[in-house]
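Student: I'd like to go through this one term by term. Can you justify each label as we go?

Tutor: Sure, let's take a look.

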Amino acid sequence: MEQTFAIIKPDAVERNLIGKVLERIEAEGFRIISMKRVLLTIPIAEGFYHVHKERPFFKDLTKSMCGGPVVLLVLEKEGAIKAWRKLMGATNPAEADEGTLRKEFAVSLEKNSVHGSDAPETAVFEISYFFSQTEIIP
Ligand code: CMP
(Lines give C-alpha, C1' and ligand atoms only; values in the text may rest on other atoms or scores of the structure.)
Protein backbone atom coordinates (compact mmCIF):
# COMPACT_ATOMS: atom_id res chain seq x y z
CA MET A 1 0.00 0.00 0.00
CA GLU A 2 1.24 3.46 -0.89
CA GLN A 3 0.45 6.72 0.89
CA THR A 4 0.09 10.15 -0.66
CA PHE A 5 -0.67 13.62 0.60
CA ALA A 6 -3.58 15.74 -0.60
CA ILE A 7 -4.97 19.21 0.07
CA ILE A 8 -8.46 20.49 -0.59
CA LYS A 9 -7.51 24.12 -1.26
CA PRO A 10 -9.20 27.29 0.05
CA ASP A 11 -11.14 27.90 -3.19
CA ALA A 12 -12.86 24.50 -2.88
CA VAL A 13 -13.44 24.73 0.89
CA GLU A 14 -14.96 28.19 0.40
CA ARG A 15 -17.44 26.78 -2.16
CA ASN A 16 -18.52 23.97 0.22
CA LEU A 17 -16.95 21.25 -1.93
CA ILE A 18 -15.22 19.25 0.85
CA GLY A 19 -17.89 16.55 0.83
CA LYS A 20 -17.97 16.26 -2.96
CA VAL A 21 -14.16 15.86 -3.14
CA LEU A 22 -14.11 13.31 -0.30
CA GLU A 23 -16.89 11.35 -2.00
CA ARG A 24 -14.84 11.08 -5.21
CA ILE A 25 -11.74 10.07 -3.20
CA GLU A 26 -13.60 7.24 -1.46
CA ALA A 27 -15.42 6.16 -4.63
CA GLU A 28 -12.01 5.71 -6.33
CA GLY A 29 -10.96 3.27 -3.60
CA PHE A 30 -8.65 5.47 -1.55
CA ARG A 31 -8.75 5.11 2.23
CA ILE A 32 -8.56 8.42 4.10
CA ILE A 33 -6.08 7.49 6.83
CA SER A 34 -5.72 10.99 8.29
CA MET A 35 -7.52 14.30 7.82
CA LYS A 36 -7.63 17.79 9.33
CA ARG A 37 -9.07 21.22 8.50
CA VAL A 38 -6.63 24.06 9.25
CA LEU A 39 -5.79 27.66 8.35
CA LEU A 40 -2.22 27.87 7.03
CA THR A 41 0.10 30.78 7.86
CA ILE A 42 2.45 32.38 5.31
CA PRO A 43 5.63 30.79 6.83
CA ILE A 44 3.97 27.35 6.88
CA ALA A 45 2.80 27.72 3.24
CA GLU A 46 6.26 28.99 2.18
CA GLY A 47 7.94 26.00 3.81
CA PHE A 48 5.50 23.60 2.20
CA TYR A 49 5.98 25.04 -1.31
CA HIS A 50 9.74 25.73 -0.87
CA VAL A 51 10.56 23.98 -4.19
CA HIS A 52 8.69 26.77 -5.98
CA LYS A 53 10.33 29.67 -4.11
CA GLU A 54 12.10 31.03 -7.21
CA ARG A 55 8.99 30.82 -9.39
CA PRO A 56 7.14 34.04 -10.29
CA PHE A 57 3.87 32.69 -8.87
CA PHE A 58 5.33 31.81 -5.42
CA LYS A 59 4.04 34.89 -3.57
CA ASP A 60 0.51 34.68 -5.01
CA LEU A 61 0.40 30.92 -4.45
CA THR A 62 1.44 31.07 -0.78
CA LYS A 63 -0.92 34.00 -0.13
CA SER A 64 -3.89 32.26 -1.74
CA MET A 65 -3.21 29.06 0.25
CA CYS A 66 -3.64 31.16 3.43
CA GLY A 67 -6.81 32.90 2.23
CA GLY A 68 -9.11 30.43 4.01
CA PRO A 69 -9.12 26.99 5.61
CA VAL A 70 -7.76 23.95 3.80
CA VAL A 71 -8.34 20.23 4.37
CA LEU A 72 -5.16 18.16 4.68
CA LEU A 73 -5.39 14.45 3.90
CA VAL A 74 -3.27 11.34 3.91
CA LEU A 75 -4.62 8.87 1.34
CA GLU A 76 -3.79 5.19 0.99
CA LYS A 77 -4.22 2.92 -2.03
CA GLU A 78 -2.06 0.77 -4.25
CA GLY A 79 -0.21 3.23 -6.48
CA ALA A 80 -1.81 6.10 -4.52
CA ILE A 81 0.54 8.85 -5.78
CA LYS A 82 -0.19 8.31 -9.47
CA ALA A 83 -3.85 7.47 -8.86
CA TRP A 84 -4.46 10.70 -6.92
CA ARG A 85 -2.71 12.79 -9.59
CA LYS A 86 -4.88 11.11 -12.23
CA LEU A 87 -8.06 11.83 -10.27
CA MET A 88 -7.01 15.48 -9.75
CA GLY A 89 -6.25 16.09 -13.45
CA ALA A 90 -3.77 18.55 -14.96
CA THR A 91 -2.48 21.42 -12.78
CA ASN A 92 -4.02 23.89 -15.19
CA PRO A 93 -7.77 23.17 -15.21
CA ALA A 94 -7.94 24.33 -18.84
CA GLU A 95 -5.90 21.21 -19.67
CA ALA A 96 -7.65 18.81 -17.28
CA ASP A 97 -9.42 15.73 -18.68
CA GLU A 98 -13.14 15.11 -18.36
CA GLY A 99 -14.02 13.35 -15.14
CA THR A 100 -11.13 14.82 -13.14
CA LEU A 101 -11.64 16.93 -10.02
CA ARG A 102 -9.91 19.96 -11.52
CA LYS A 103 -12.05 19.78 -14.68
CA GLU A 104 -15.16 19.66 -12.51
CA PHE A 105 -14.27 22.08 -9.71
CA ALA A 106 -11.19 24.23 -10.43
CA VAL A 107 -11.57 27.86 -11.52
CA SER A 108 -7.98 28.79 -12.49
CA LEU A 109 -4.35 27.68 -12.28
CA GLU A 110 -4.08 29.22 -8.81
CA LYS A 111 -7.57 28.24 -7.68
CA ASN A 112 -7.17 24.67 -8.85
CA SER A 113 -9.05 23.19 -5.88
CA VAL A 114 -6.72 20.30 -4.95
CA HIS A 115 -3.05 19.49 -4.47
CA GLY A 116 -1.22 16.16 -4.52
CA SER A 117 2.31 14.87 -4.05
CA ASP A 118 4.16 14.30 -7.33
CA ALA A 119 6.62 11.57 -6.26
CA PRO A 120 7.38 9.17 -3.36
CA GLU A 121 10.01 11.48 -1.80
CA THR A 122 7.61 14.43 -2.04
CA ALA A 123 4.85 12.40 -0.39
CA VAL A 124 7.13 11.53 2.54
CA PHE A 125 8.10 15.20 2.98
CA GLU A 126 4.56 16.53 2.59
CA ILE A 127 2.92 13.99 4.91
CA SER A 128 5.51 14.55 7.64
CA TYR A 129 5.30 18.35 7.19
CA PHE A 130 1.71 18.29 8.48
CA PHE A 131 1.13 14.99 10.28
CA SER A 132 2.88 13.16 13.10
CA GLN A 133 3.10 9.36 12.91
CA THR A 134 0.55 9.01 15.73
CA GLU A 135 -2.05 10.89 13.65
CA ILE A 136 -1.85 8.39 10.79
CA ILE A 137 -3.94 5.30 11.39
CA PRO A 138 -3.82 2.93 8.37
P1 CMP B 1 -0.12 22.60 -6.85
O2 CMP B 1 -0.34 21.22 -7.33
O3 CMP B 1 -0.60 22.93 -5.49
O4 CMP B 1 1.45 22.96 -6.95
C5 CMP B 1 1.91 24.29 -7.06
C6 CMP B 1 0.80 25.25 -7.38
O7 CMP B 1 1.20 26.50 -7.93
C8 CMP B 1 -0.10 24.66 -8.44
O9 CMP B 1 -0.84 23.61 -7.88
C10 CMP B 1 -0.90 25.87 -8.89
O11 CMP B 1 -2.05 26.09 -8.08
C12 CMP B 1 0.08 27.03 -8.63
N13 CMP B 1 0.53 27.68 -9.86
C14 CMP B 1 0.32 28.96 -10.17
N15 CMP B 1 0.89 29.27 -11.33
C16 CMP B 1 1.51 28.16 -11.79
C17 CMP B 1 2.27 27.85 -12.96
N18 CMP B 1 2.53 28.75 -13.89
N19 CMP B 1 2.73 26.59 -13.08
C20 CMP B 1 2.48 25.65 -12.13
N21 CMP B 1 1.77 25.90 -10.98
C22 CMP B 1 1.27 27.14 -10.83
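**Labels and the values behind them**

Student: What makes the Arg-102 side chain a polar contact of the ligand?

Tutor: This is a predicted model. In it, an N or O atom in the side chain of Arg-102 is 3.4 Å from a ligand oxygen, and the cut-off is within 3.5 Å, so the pair counts.

Student: Which other ligand oxygen distances are there, to Tyr-49 and Leu-109?

Tutor: For the side chain of Tyr-49, 2.6 Å from one of its N or O atoms to a ligand oxygen. With Leu-109 a polar backbone atom takes part, at 2.7 Å. Taken alone, the ligand exposes 460 Å², and the protein buries 79% of that.

Student: Where does the ligand sit, and what classes of residue make up its shell?

Tutor: In the largest pocket. The shell has four nonpolar, four polar and three charged residues; Lys-9, His-52, Phe-57 and Glu-110 are among the residues around the ligand.

Student: Why is Tyr-49 called buried?

Tutor: Its relative accessibility is 5%. Buried means under 20%, so Tyr-49 qualifies. Phe-48, at 3%, is buried too.

Student: And what makes the pair of Phe-48 and Tyr-49 edge-to-face?

Tutor: The whole structure has nine aromatic pairs. For Phe-48 and Tyr-49, the ring centres are 4.9 Å apart, and the planes meet at 75 degrees. Over 60 counts as edge-to-face, so that's the label.

Student: Why is the pair of Phe-48 and Tyr-129 called tilted, then?

Tutor: Those centres are 6.0 Å apart, with 50 degrees between the planes. Stacked needs under 30 and edge-to-face over 60, so the pair is tilted.

Notes: Residues are numbered from 1 along each chain as its sequence is written. This is a predicted model: local features need pLDDT of at least 70, side-chain atom pairs count only at pLDDT 80 or more; totals for chains, interfaces and linings use all residues. Side-chain values use heavy atoms; hydrogens and water are left out. A residue is near a molecule or strand if one of its heavy atoms lies within 4 Å of it. A polar contact is a pair of N or O atoms within 3.5 Å; within protein, one must be able to donate a hydrogen and the other to accept it, and residues adjacent in sequence count only if both atoms are side-chain atoms. Accessible areas come from the Shrake-Rupley method with a 1.4 Å probe; for residues, only the protein chains shown count as cover. On a 1 Å grid over the protein atoms alone, a cavity is a set of points where a 1.4 Å probe fits but cannot get out, and a pocket is an open set with protein on both sides within 12 Å along at least five of seven lines; lining residues have an atom within 4 Å of a point. A molecule sits in a cavity or pocket if more than half of its atoms lie within 2 Å of its grid points. Ala, Val, Leu, Ile, Met, Phe, Trp, Tyr, Cys and Pro count as nonpolar, Asp, Glu, Lys and Arg as charged, and the others, Gly among them, as polar. Rings of Phe, Tyr and Trp (its six-membered ring) pair if their centres lie within 6.5 Å; planes under 30 degrees apart count as stacked, over 60 as edge-to-face and the rest as tilted. Buried means under 20% relative accessible area, exposed over 50%, partly exposed in between (1.4 Å probe, protein chains only).
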